[in-house]
Amino acid sequence: MVFDAVGQIQQFVSVFISVYILVLVLLILSSWIPRIPYELNPVLRFLHDVCDPYLNLFRRFIPPFGPLDVSPMVAIVVLVVLRQEIPALLGRLH
């Protein structure tokens with residue numbers, strides 16, 4: 001029973017991180033569009049509300065390079081590493 005619970009947690013963490021990476025990519029892509037229609041403002045607000053607290057962790061230490069903000073790229077790399085390492089750590093609970 002413990003093995004099944006650990007497997008479920010591993011799968012949840014992996015899916016959660018994958019979805020969060022997708023949300024970060026959507027935020028990045030939305031920043032490339034100069035004029036977003038007014039109807040999409042709630043979507044943009046949601047993306048910022050979900051992503052900005054996590055991105056602000058990196059923005060404290062990584063200054064923007066001119067108009068380029070590299071913190072989302074670093075944040076995605078950290079999430080990819082976590083997606084691979086957390087299941088390995090949870091696997092040791094077996």
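**Entry 1. Overall dimensions**

I began with the radius of gyration: the protein chain has 16 Å, whereas a compact globule of 94 residues would have a value near 12 Å. I note at once that the model is a predicted one. I then took the extents of the C-alpha trace along its principal axes and found a span of about 50 × 30 × 15 Å.

**Entry 2. Secondary structure**

I looked up the secondary structure next and found three helices and zero strands in the protein chain. Read from the N terminus, the order of elements is α-α-α. I recorded helix α1 as residues 2-31, helix α2 as residues 41-59 and helix α3 as residues 71-91.

**Entry 3. Burial, contacts and surface**

I checked burial over the whole protein chain, and 26% of its 94 residues count as buried. For the contacts with a separation of 6 or more, I found that residues 24 or more positions apart account for 66%. The exposed area of the protein chain is about 7000 Å². Carbon and sulfur atoms supply 71% of that area.

I also counted charges: the protein chain carries 6 positive and 6 negative side chains. The centres of these two sets are 5 Å apart.

**Entry 4. Aromatic pairs**

I searched the whole structure for aromatic pairs and obtained four. One of them joins F16 and Y20, whose rings are stacked, at 6.3 Å centre to centre and with 20° between the planes. I asked where these two residues sit relative to each other in helix α1. F16 and Y20 are four residues apart there, so about one helical turn separates them. I noted that Y20 has a relative accessible area of 14% and is therefore buried, the cut-off being under 20%.

A further pair is formed by Y54 and F58. I recorded this pair as edge-to-face, with 5.1 Å centre to centre and 80° between the planes. Y54 and F58 are four residues apart in helix α2, so they too are separated by about one helical turn. I found both Y54 and F58 buried.

Which residues make up the aromatic cluster? I found F12, F16, Y20, Y54 and F58 joined in one cluster.

**Entry 5. S71**

I turned to S71, which is found in helix α3. Is S71 buried or exposed? Its relative accessibility is 0%, so S71 counts as buried. Setting aside residues up to four places away in sequence, I found S71 touching L55, F58 and R59. F58 is also a member of the aromatic cluster. I took one C-alpha to C-alpha distance here: S71 and L57 are 8.8 Å apart in space and 14 residues apart in sequence.

**Entry 6. Q10**

I looked up Q10, which lies in helix α1. Q10 counts as buried because its relative accessibility is 19%, and the limit is under 20%. What does Q10 contact beyond its neighbours within four places in sequence? I found P87, L90 and G91 in contact with Q10. Helix α3 covers residues 71-91, so I place these three contacts of Q10 in that helix.

**Entry 7. S31**

I closed with S31, which is found in helix α1. At 55% relative accessibility, S31 counts as exposed, since the cut-off for that class is over 50%. I took the C-alpha to C-alpha distance from S31 to F46 and obtained 14 Å, at 15 residues apart in sequence.

Key:
Residues numbered from 1 in each chain as written. Predicted model: local features only at pLDDT ≥ 70, side-chain atom pairs only at ≥ 80, totals over all residues. Heavy atoms only, no water. Rg over C-alpha atoms; globule rule 2.2 N^0.38 Å. Buried < 20%, exposed > 50% of the residue type's maximum accessible area, 1.4 Å probe, protein only. Contact = heavy atoms within 4.5 Å. Areas by Shrake-Rupley, 256 points an atom, 1.4 Å probe, with all protein chains shown as cover. Lys, Arg positive; Asp, Glu negative; His and termini not counted. Charge placed at Lys NZ, Arg CZ, Asp CG, Glu CD. Phe/Tyr/Trp six-rings, centres within 6.5 Å; stacked < 30°, edge-to-face > 60°.
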